[in-house]
Structures are given as structure tokens and as C-alpha cells.
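Dear colleague,

Please find below the structure that I am handing over to you, together with its sequence. My notes on what was found in it follow directly after.

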Amino acid sequence: LFDDHLPSDLPEATLSDNARIVLAKRYLKKDEDGQPIEEPETMFWRVARTIAGADARYGASEAAVDELARQFYALMTTGVFEPNSPTLMNAGRPLGQLSACFVLPVDDALSNGRSGIYDTLKAMALVHQSGGGTGFSFSRLRPEGDNVRSTMGVASGPVSFMKLYDASTEVVKQGGTRRGANMGILRVDHPDIRNFIACKNDTSQVTNFNISVALTDEFMKAVKAGGSYDLLSPRNGSVVGQEDARQIFDLIVHGAWKTGEPGTFFIDRANEYNPVPSLGSYEATNPCGEQPLLAYDVCNLGSVNVGRFVKLDAPSDLPPEDRIDWDELRRVVHLATHFLDNVIDANRYPLAEIHNLAHTIRRIGLGIMGWADLLVRLGIPYSSHEGVEMGRRVMRFINEESRNASERLAETRGVFPAWGPSIWGPDATCARRADGSRVRPMRALRNCNLTTVAPTGTISIFAGCSGGIEPLFAVAFMRNQAGSLMPDVNPDFVRIAQEQGWYSEELMERIATEGHIHFDEVPEDIQRVFVTAHDIAPEWHVRMQAAFQEHVDSAISKTTNFPNEATEDDVRAIYELAFDLDCKGVTVYRDGSRPMQVLSTGKTS
Ligand code: CDP
């Protein structure tokens, strides 16, 4: 384990007060009285040194490991790249569990010694304890009312067992730091689908789960054609009933409109790009949806803060793409890929099955954050073709460079063990589509999956940037600072206001109090560029997600925001658009549709 020695020549971390508070509360090592016994700098060095240390397995010298650790330290302390929270919390510490995302199988038995309902319940508790989030498909469970031969009783069905998992989650806090998060998935052709869709209509129920319906292509075709589709027995796949596809789709849309749930998971779309189909198919995702995973699969995430690659001193008449420092972005993507590959070796997985699969396929999830910051720094509105095109361009670059980095790692460390029969393998052995075509061109990669987009809920606070690929949530809000309310204004907005000469404290306070920027003092083009999540038409949310999805191996965590007055038809149109644009899932949120909103603009702050 890591010893706390912090080299005296390391620079301090650049962190906001808020970031230091969050770190002290939940991330820093504490003594028995709950007092932090490390500084943020010690934490980042602990992480950097532990993760760089994995290079020693591949023959790196002590000096080379130290040099790499310094580079990792610089990335994290300057907010250019952050790994997911469990890596920050646990690297170099006894728990040593470094990943945020897991999927566990749930078999149709109370216990079979491995993956029955109560076996997996226990595995879930272990994952939560270690700071990870879990996803489950309950689709293999027999429906409510079905026979239970051993007891001559009747089965209580997937939803009742999901409630059991929910209750257990409630009592096991994640690593003593955050409550466990779960994803519950049911295939649309499961006989209990109606019950599942409605199970969160009461927002006080199943609160530790996000739920999504796994929609098949066949189902979506039936929706378009106005036809019906088969319900299948989870026991043997036989047809046990039929449903009208539009009726079921309407129920999903109604739930999403009413409470934001269920989301949808386009399961066939996800499986088309499953890199290792010989090892199983995707049946669920992690809690926030960005990682479709196999049974016992795991992914460690990390995100590059892309807003930091805009050259702010470049002449503003240069085309936007010439104001991005692509060389520096390439360097950081290569380092970040190296970091995430090392996390797999440094990780202590909670179950042997997970350890084995992780080392066989070496899945990583390199994502981005600070996307909205990048756009405002380039002067491009989020809700514009130019913005969407820039998203496609930046993600294509990151995806490609991450693959290049993975190939470079493979040259010395070898390709991932399941490479041959994967979609990346050589022609003679690779997985192919039914029509015989390749899913991906051959690439000798170290990792079966490279890119994703996570929500970056906490790490974007450390990095001081906007979350994931979401638009700005607000330009300003009133923050309670030691008892008095102070306006907290987007620093780019302040900088531009000062540069252009329309800054005033009174205006900033008005913006923070009213929760919008539509005032005469704010030039029109600036109003367009600083557009926030609530002002953006839902269609642009989905178009941005789809542009990123084109160049992301796994999936994307993204919320499409609707105004409170949006109708069910509006929501339906977005669900269909997301499918048509090849997204792997979609999540919506209508303003005010849940009793409590974690973030809000305006006077309530
Ligand atoms: O910013 P941070 O690394 O804390 O996490 P995130 O990007 O907001 O979420 C990434 C993933 O971490 C989620 O998709 C979940 O799998 C997991 N997570 C969790 O298990 N519990 C939470 N409270 C938040 C996230």
C-alpha cells in the first residue's frame, strides 16, 4: 500500500473552495474521529503513484514510474483529467476497488450458489460497499403469479425482487460515503412489463434505482407499424402473450413524462457493438446508463476536461477548430488511456468472476467533461448545427487517439486476451455481423472498449467544469456562503462581460436571482452562446447525444430536458428521434416533474 510521503517539489492542486469541501467530506482519508488525515494533494499523489506503479509489472524502472506518477498528478491537480470517484477514494488504500460501474446477473432461483437472487443481492452489497454502482436485468425472473414448483407457491415477479434490492441498498451505504446507485432493466417482451413500467409512478418508491426498459428493434418496428409483439416466457422463450406495441410505448412515454422514468435502453443497438459477443451479450447498463455491460462486467471511468484545450489567447477571427490545442489534447488522451489501462491492474475487484472478466477484456471508459465550457469559449451555441458538428469532431479525435494509445500499449503489454474472437480481431477469427461483414476494422488493441461519456457528477466539481456533455445548467445562481447569499457566476461569462465592458455587480446579482440572462445589457450573441439546459429545445439535446454516440464505443449519459408544459407527444417524439439517430438509450426530465430537484436555478438555489 501507498505510504503518505509527498515529494516536496510537487505543486499545489488548483481547486475551488467548494471542491476542497467536497473532497474533505467524502474523499480524503480520515482518522477514527472522522478528521481528514490527508490533504487533497496527498490524495492525488496517492492515486497517481498507485496507478503509475502498475507500469512496474511491464518492466518500468522506479524512475520511470516516478516520472509517470508526476504526469498523472499534474493531470488531476490541474483538473485536466479525473478518474471516477472510486479511484480517487480507494487507490492505494486497503479497499482498493477503483471502478464505478458493474453489472451483475440475476438468475431465476433464490440461490444457486453463484448468481441466484440472494447470491447477487450479497454481491451487490459488496460492490456498493466498495463505492461502485450496479446494474441488473431482471428479465430472467419468472413473472408474477407463475408457479414455484419446489414450494407449490406462486412467484412474486421481477418488480418485487427489485424492491428487495432497493431496500437492501438503503441500509448499506456505499463505502461509508455515498448510497448505492442501481439500474434496473426489464426487456419489453417480459410478461410483467406493464407492472415494471409503472413501478416508479409513485416517486417515493424504489428510490435507489433508475429504471429502463430494454426495447428491441422488433418492438420499435411494431411501434412504427402500429402492430403487436410477442411476450416471451423467461423460462423457455415460448410465446405467452401479445401486447399492442403502441400501447406499451405510450405507457413508457407517460411514465417518462410524469416522473422522468422509465428511461429506454435500445438493447439490440447496444449489442450490435458488443466487442466480445463470444463472452455473452449485453442485458443491462450501469446506473447512469453510459456502460452497457456483460454479466460480471466492470468499467473504470475517467474524463478529460475538454474546455481546457481552447486557446483563449488565440485571435478570435481564427476558425473555431484552429483555436483548439489538438496536440495537447492528443497527449492528454494518450496519458489518460494509459492511466485507465493501469487501473485494471491496480484494481482489487470484489468478486473473482469480475476480476477474471476485467483481465480478459480490459474494458475502460474514457469520457469527457467541460463540453459546454468548450463551446462557450469558442463562441458556439450548444443548440446549433455548428455545436453538434464540433461535438462529432472532438469526439472522433478523442476516440481515434484513444485507440492509437491502446494499440501502443498493446505493443509492449499485448492485446487483451479475448482479442482474437472480438470485433477487433483478425479476419480469420473475429466476430462478425450476421451478413458476414466486420463490425469494426481490425485493430490490435489493449482494451476491448475505450470511450464513453459519464455524468461526471462529482469529478466535474473537482475539475471546476461543466458536467459531461450537458449544456450549462445555469449561468449564475445565489450561493449560501457562510450565512450570506452571494451570486456565483460562470467565470467565462464574467470574463466576457468584463472584456466587452458590460460587467456590473448589479447585473450579475440580477442574473443570479432571476435565474436567466435575458436582459438588455447582455448582447444577443452572448445570450445565444450561454444557453442553458432549460432553454435548449429537446431535439438539440438528442442531436448532440447522437453526434457523440457516433464516436463512442459504449454509451452516453445524457438527460434531455423538457419544460414543465411539454406534452406526452413531445416526449414520444424525442424517444423516436433518439432511436432513429442511433442513440443507445434516452433519458428525459421534465422540469418540476419530481418533488425534489437536486439543482435548481433562480431564487431557491
Ligand atoms: O463524478 P463521479 O466519478 O463521482 O461519478 P459520475 O460520473 O457522476 O457517475 C459515474 C458512474 O458512477 C455512474 O454511472 C454510476 O455507475 C456510478 N455512481 C454510483 O454508483 N453512485 C453514485 N452516487 C454516483 C455514481
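The shell around the ligand in this predicted model divides by class into nine nonpolar residues, nine polar residues and two charged residues. In total, 20 residues surround the ligand, and those that come nearest are Ser85, Asn286, Glu290, Thr456 and Gly457.

Two of these names return when one looks at the polar contacts of the ligand. A polar backbone atom of Thr456 is 2.7 Å from an oxygen atom of the ligand, and for a polar backbone atom of Gly457 the distance to a ligand oxygen is 2.8 Å. Gly133 also takes part through its backbone, with a polar atom 3.2 Å from an oxygen atom of the ligand. On its own, the ligand has 520 Å² of accessible area, and the protein covers 89% of this area.

The next topic is the empty space inside the protein. How many cavities of 30 Å³ or more does a search of the whole structure find? The search finds three. The largest cavity has a volume of about 50 Å³. Its lining consists of Tyr273, Pro275, Ile423, Trp424, Arg440, Cys448, Asn449 and Asp553. Sorted by class, these lining residues comprise five nonpolar, one polar and two charged.

As for the overall layout of the chain, the domain assignment gives domain 1 as residues 1-74, domain 2 as residues 101-277 and domain 3 as residues 474-529. Between the C-alpha centres of domain 2 and domain 3 there is a distance of 44 Å.

Finally, two details of the backbone deserve a place in your notes. The first concerns the peptide bond that runs from Glu261 to Pro262: this bond is cis, and its omega angle is near 5°. Pro262 belongs to the loop that connects α9 (245-259) with β12 (263-266). The second concerns Val206, a residue other than glycine whose phi is nevertheless positive, with a value near 45°. You will find Val206 in the loop between α7 (193-198) and β9 (209-215).

With kind regards,
A colleague

Terms used:
Residues are numbered from 1 along each chain as its sequence is written. This is a predicted model: local features need pLDDT of at least 70, side-chain atom pairs count only at pLDDT 80 or more; totals for chains, interfaces and linings use all residues. Side-chain values use heavy atoms; hydrogens and water are left out. A residue is near a molecule or strand if one of its heavy atoms lies within 4 Å of it. A polar contact is a pair of N or O atoms within 3.5 Å; within protein, one must be able to donate a hydrogen and the other to accept it, and residues adjacent in sequence count only if both atoms are side-chain atoms. Accessible areas come from the Shrake-Rupley method with a 1.4 Å probe; for residues, only the protein chains shown count as cover. Ala, Val, Leu, Ile, Met, Phe, Trp, Tyr, Cys and Pro count as nonpolar, Asp, Glu, Lys and Arg as charged, and the others, Gly among them, as polar. On a 1 Å grid over the protein atoms alone, a cavity is a set of points where a 1.4 Å probe fits but cannot get out, and a pocket is an open set with protein on both sides within 12 Å along at least five of seven lines; lining residues have an atom within 4 Å of a point. Grid points are joined across faces, edges and corners, and a volume is the space filled by probe spheres set on the points. Domain bounds come from an automatic or database domain assignment. Helices (H or I, at least four residues) and strands (E, at least two) are DSSP runs, numbered from the N terminus.
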